[in-house]
Amino acid sequence: MKFLALSLLLAFGSANAAETIRVAIGTQDTTINCATGGLLIRELHLLEKYLPHDGKYKDVKYDIEWKNFTSGAPLTNEMVAGKLDLGSMADFPGSFNGAAHAKAGKKSIFITVLSGSTLGSGNGIVVPKNSPVQSLAELKGKTISVPFASTAHGMLLRAVKAQGWDPEKDVNITTQAPEVAGSALQSNKVDAHADFVPFAELFPHRGFARKIYDGSQAQAPTMHGSLVDAAYAKKYPEIVVAYLRAAIEADRLIAAEPEKYSELIAKVTGIEAEVNYLFHGPVGLQTRDFTWKPEYRQAVKTSIETLRLLKRTDSDIDVNSFIDDSYLRTAFKQAGLDYDMQLKNYEKLPLKAKDAVTGKPIADFRHLTQIWVQGEPLVRHYASATTAIAELRKLEQAGKKVRTVYAHDQGSGLKLLAGDAWFVVAADGKDVSAYLLKADAQTQAAKVKGKVVDFDTLKGGKSI
């Protein structure tokens with residue numbers, strides 16, 4: 001009898017020791033604001049650091065699987081099929097993820113935000129570089145392409161409605177993936193293209209498009225975050241928390257060294273570090289923030305409603321049960337962070353830097369201008385555009401190659417690629433302000449009796 005009991009105990013122990021738990025994670029590497037929930041965790045092996053190895057996980061082995069996607073829809077398909085346990089995507093595809101699980105008799109839950117904008121920045125509309133169009137109002141009767149059922153699609157519909165237009169009569173909205181839109185813009189096959197992170201900035205940076213509309217103008221909050229299969233989370237809550245701990249560490253690392261990790265993202269995705277820094281650097285275009293702010297909850301709710309209107313789903317998901325921040329709260333507590341305090345914090349990632357010329361700490365970011373010089377590991381910061389442009393001329397005269405210049409819109413505070421911004425030069429030539437929209441720049445120029453110039457004119461020194 002004792003022998004039998006011992007045999008059973010040994011057999012059970014061997015089975016337990018041999019148990020392997022899969023952790024299959026779907027990523028969207030080129031959707032760069034998902035980096036802290038996928039790419040950085042994978043490349044820096046952060047998940048391995050936090051996976052539990054005590055209690056019921058004492059002798060467990062982990063089979064960590066990573067699979068990259070270019071959009072949320074195919075990622076959702078594999079989650080519903082049981083091939084993935086977690087995945088990262090935006091509010092619209094995330095809501096479709098929830099609806100698809102419900103249709104299959106399953107459930108997924110949105111466990112964290114990764115990055116977003118309570119104002120709506122990140123989504124945008126671009127036109128071909130040489131297009132005369134300067135604003136959305138000029139696109140009536142034109143063809144605008146967009147990835148259907150994406151967060152950018154929702155922004156576009158809202159923007160069209162704000163113009164008082166009928167989306168089925170006053171504009172021709174066609175579906176087009178970002179990888180196809182690039183060539184369409186270059187060959188002038190579309191009048192404009194609406195897209196999500198990072199394409200409304202990436203296409204202009206690559207020189208064949210110009211941004212004419214930022215998602216914040218539609219006043220539609222947007223976010224990207226991570227979801228998990230609900231049954232998996234219930235069975236392995238500690239693994240879900242471990243994933244979130246890894247994401248929190250990834251966020252800490254990129255906050256401390258944004259240039260370094262922007263380069264890593266570029267190496268993996270092919271998306272230039274200059275664009276990655278635009279989003280992930282201090283006072284960036286979006287804010288990495290994991291907490292479920294009311295605006296992000298509303299973004300998910302709005303996306304569910306819009307998907308129903310588009311007849312992409314007939315599911316009416318309860319947002320309050322679809323979004324579950326309990327795992328995130330546990331991860332915050334384990335990391336020594338205050339979730340409720342962060343929930344109230346709407347500040348962008350702060351910049352603690354000195355002016356590269358004066359050496360004085362920069363306290364006012366309204367005129368902040370930054371230069372990334374080729375061969376230099378860190379971005380240079382300047383308290384004013386006037387100083388920065390003067391330094392830019394010196395750098396170019398000295399034969400230095402400049403990777404990019406960043407400026408900030410004086411009205412909205414949005415971080416801009418200076419090469420596609422409009423600048424107002426005051427009458428005395430001493431004050432320079434940046435704007436995304438030419439109309440905004442013209443309005444300001446009229447107030448200060450200044451002149452509106454593009455970036456090439458500004459740095460050429462002809463008007464300052």
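**Close-up views of a predicted model**

**View 1. The end of helix α5 and the burial of its residues.** Just after helix α5, glycine 105 takes a positive phi of about 75°. The model shown here and in every following view is a predicted one. Helix α5 runs over residues 91–103, and at 1.5 Å a residue its 13 residues should span 18 Å, which agrees with the 18 Å that separates its end C-alpha atoms. Because 10 of its 13 residues are buried, α5 is largely enclosed by the rest of the structure. The buried residues of α5 include Asp91, Phe92, Pro93, Gly94 and Ser95 towards the beginning of the list, and Ala99, Ala100 and His101 towards its end.

**View 2. Serine 303 in helix α13.** Serine 303 belongs to helix α13, which covers residues 294–309, and it is buried, with a relative accessible area of 0%. A polar atom of the serine 303 side chain lies 2.6 Å from the backbone oxygen of valine 300. When residues up to four places away in sequence are not counted, serine 303 touches Asp91, Phe92 and Ser95, and these three residues are among the buried residues of α5.

**View 3. Serine 315 in the loop after helix α13.** Serine 315 is placed in the loop between α13 and α14, the latter being residues 319–322. With a relative accessible area of 14%, serine 315 is buried, because a residue counts as buried when that value is under 20%. Leaving aside neighbours within four places in sequence, serine 315 is in contact with Ala99, Ala102, Ile304 and Arg308. From C-alpha to C-alpha, serine 315 and leucine 392 are 54 Å apart in space, while in sequence they are 77 residues apart.

**View 4. Helix α12, residue by residue.** Helix α12 consists of residues 273–280, and 8 of its 8 residues are buried, so the helix is largely enclosed by the rest of the structure. The buried residues of α12 are Ala273, Glu274, Val275, Asn276, Tyr277, Leu278, Phe279 and His280.

**View 5. Aromatic pairs and a cluster of rings.** A pair of aromatic rings is described by the distance of the centres and the angle of the planes. The structure holds 11 aromatic pairs. In one of them, the rings of tyrosine 232 and tyrosine 236 have centres 5.1 Å apart and planes at 65°, so this pair is edge-to-face. Both tyrosine 232 and tyrosine 236 are buried. In another pair, phenylalanine 423 and phenylalanine 455 are tilted, with 6.1 Å from centre to centre and 40° between the planes. This second pair links distant parts of the chain, since phenylalanine 423 lies in strand β15 (residues 422–425) and phenylalanine 455, 32 residues apart from it, lies in helix α19 (residues 455–460). Elsewhere, ring pairs link Phe196, Phe199, Phe203 and Phe208 into a cluster.

**View 6. Phenylalanine 423 within the largest nonpolar core.** Phenylalanine 423 is buried, with a relative accessible area of 2%, and its partner phenylalanine 455 is buried as well, with a value of 8%. The largest nonpolar core has 134 residues, and of these Ile125 and Phe423 touch the most other members. Helix α10, which covers residues 237–256, gives the most to this core, with 12 residues. Without its neighbours within four places in sequence, phenylalanine 423 is in contact with residues that include Ala407, Ala418, Val432, Val453, Phe455 and Leu458.

**View 7. Charged side chains over aromatic rings.** Arginine 403 lies over the face of tryptophan 372, at 4.2 Å from the ring centre. In a second example, lysine 415 lies over the face of tyrosine 406, at 5.0 Å from the ring centre.

**View 8. Backbone features in three loops.** Most residues other than glycine have a negative phi, and most peptide bonds are trans. Valine 197 and proline 198, however, are joined by a cis peptide bond with an omega of about 0°, and proline 198 is found in the loop between β8 (192–195) and α8 (199–205). Glutamine 219, although not a glycine, has a positive phi of about 55°; this glutamine 219 lies in the loop between β9 (209–214) and β10 (222–229) and is exposed, with a relative accessible area of 60%. Lysine 449, also not a glycine, has a positive phi of about 55°; lysine 449 is found in the loop between α18 (438–448) and β17 (451–454), and it is exposed, with a relative accessible area of 72%.

Terms used
Residues numbered from 1 in each chain as written. Predicted model: local features only at pLDDT ≥ 70, side-chain atom pairs only at ≥ 80, totals over all residues. Heavy atoms only, no water. Buried < 20%, exposed > 50% of the residue type's maximum accessible area, 1.4 Å probe, protein only. Helix = DSSP H or I, 4+ residues; strand = E, 2+ residues; numbered from the N terminus. Expected span 1.5 Å × (residues − 1). Phe/Tyr/Trp six-rings, centres within 6.5 Å; stacked < 30°, edge-to-face > 60°. Lys NZ or Arg CZ within 6 Å of the ring centre and 35° of its normal. Core = buried A, V, L, I, M, F, W, Y, C linked by side-chain atoms within 4.5 Å. Contact = heavy atoms within 4.5 Å. Polar contact = N/O pair within 3.5 Å; in protein donor to acceptor, adjacent residues only side chain to side chain.
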